[in-house]
Amino acid sequence: MDFVEALSTDNLTAIRATPKTDVHCHAFFSTRLENIERWIGHSLTKPPPKMNGLEEMMAYADAVLASPIKHREGFEFVGVSAMNDAIQDGVVMLEMSFDIRLAEFYPDGVAGLCAFIETLVERFRGQADLRPELGFSRGNADDPKLTSLAYEAVESGTFQSIDLYSRQEVCPPEVMKPLFTKAREAGMKLKAHVGEFGGAEEVRRTVEVLDLDEVQHGIGAAESVEIMRWLSENQIQLNVCPTSNVMLGGVSDLASHPIRILFDNGISVTINTDDLMIFGQSVSEEYRNLYRAGVFSAEELDDIRHASLEAHD
Ligand SMILES: [Zn+2]
């Protein structure tokens, strides 16, 4: 059965069996919550269905998830489990970000983190192409130790891309320019979270200052036809996570998700999970949800799926 038929007959098994990508996911929160519960042997408080932005999400994560996973053993369990979840979902290529703070779980720092990531890449080679991405939070831009670890990680050769995240107000893009310049010199793809909660102009400014190849979210661009045209002309892909946007309040509901406007304005969009542990929807489920909500036709979703596979070939 092809993907169009799988969507239009609501056959989740067939949707899962079709190859897909996930190019916006954070390793630390990338397996289902149920897998953590099974591993630790008891249930955990579920995330609220609606949260007030990143602050409330992080408050939930600190209160509920830190104790089971915020250590080397927990992180490594999540990493392996995340790859298994992705493979079962038909994800054949992942650009998964690993936050530089994870290096602090290892006595030898970046070297230990990179060694683990490389075993993960090897273990799942042939089933899914894991392309490690270096993750850096804007909130750590003023931390000299983490900044120096990030430079070391860029030079390690383990990471194929870099992503910047957390609230854009805490750090203007100019501050990150030296690290991003270094990442570019190392041949890495450059990405950043921006426009998750509005702000088309901030999307353009961040792309220009950091010379980004792709934007994580970027849905705020939908408020400006001019900026959407600019993104389209410059072939800047937006890696969108629909359920994340709805649960964190950036978008009121799936039916009105601006991914439709972005697509209609010629922007390349991809469909991704963000944090499976918190948002609970796999890539297959994200496709299915967009179809059921009437955002895209099955043919359009198949075009988006194909385009993402080809763009990352
Ligand atoms: Zn994200």
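In which hand does α8 cross α9? The crossing of α8 past α9 is right-handed (the near helix is turned clockwise from the far one by less than a right angle; anticlockwise would be left-handed). This is a predicted model, so to speak a computed one: local features need pLDDT of at least 70, side-chain atom pairs count only at pLDDT 80 or more, and totals for chains, interfaces and linings use all residues. Residues are numbered from 1 along each chain as its sequence is written.

Helix α8 spans residues 173-185 and helix α9 residues 200-210 (helices are DSSP runs of H or I, at least four residues, numbered from the N terminus). Their axes, lines fitted to C-alpha atoms over the stretch in contact, sit 9 Å apart at an angle of about 30 degrees, on a scale from 0 to 180 degrees between N-to-C directions. On the α8 side, P173, E174, M176, K177 and F180 meet R205, T206, V209 and L210 of α9 (contact puts C-beta atoms, placed from the backbone, within 7 Å). That set splits into five nonpolar, one polar and three charged residues (Ala, Val, Leu, Ile, Met, Phe, Trp, Tyr, Cys and Pro are nonpolar; Asp, Glu, Lys and Arg charged; the others, Gly among them, polar).

Now for the other neighbour of α8. Helix α7 (residues 144-156) crosses α8 at roughly 10 degrees, their axes coming within 9 Å, and the two are therefore roughly parallel (angles under 35 degrees). A150, Y151 and V154 of α7 touch L179, K182 and A183 of α8. Leaving aside residues up to four places away in sequence, A150 touches I100, L134, F136 and L179.

Key. Contact = placed C-beta atoms within 7 Å. Parallel < 35°, antiparallel > 145°, perpendicular 65-115°, else oblique.
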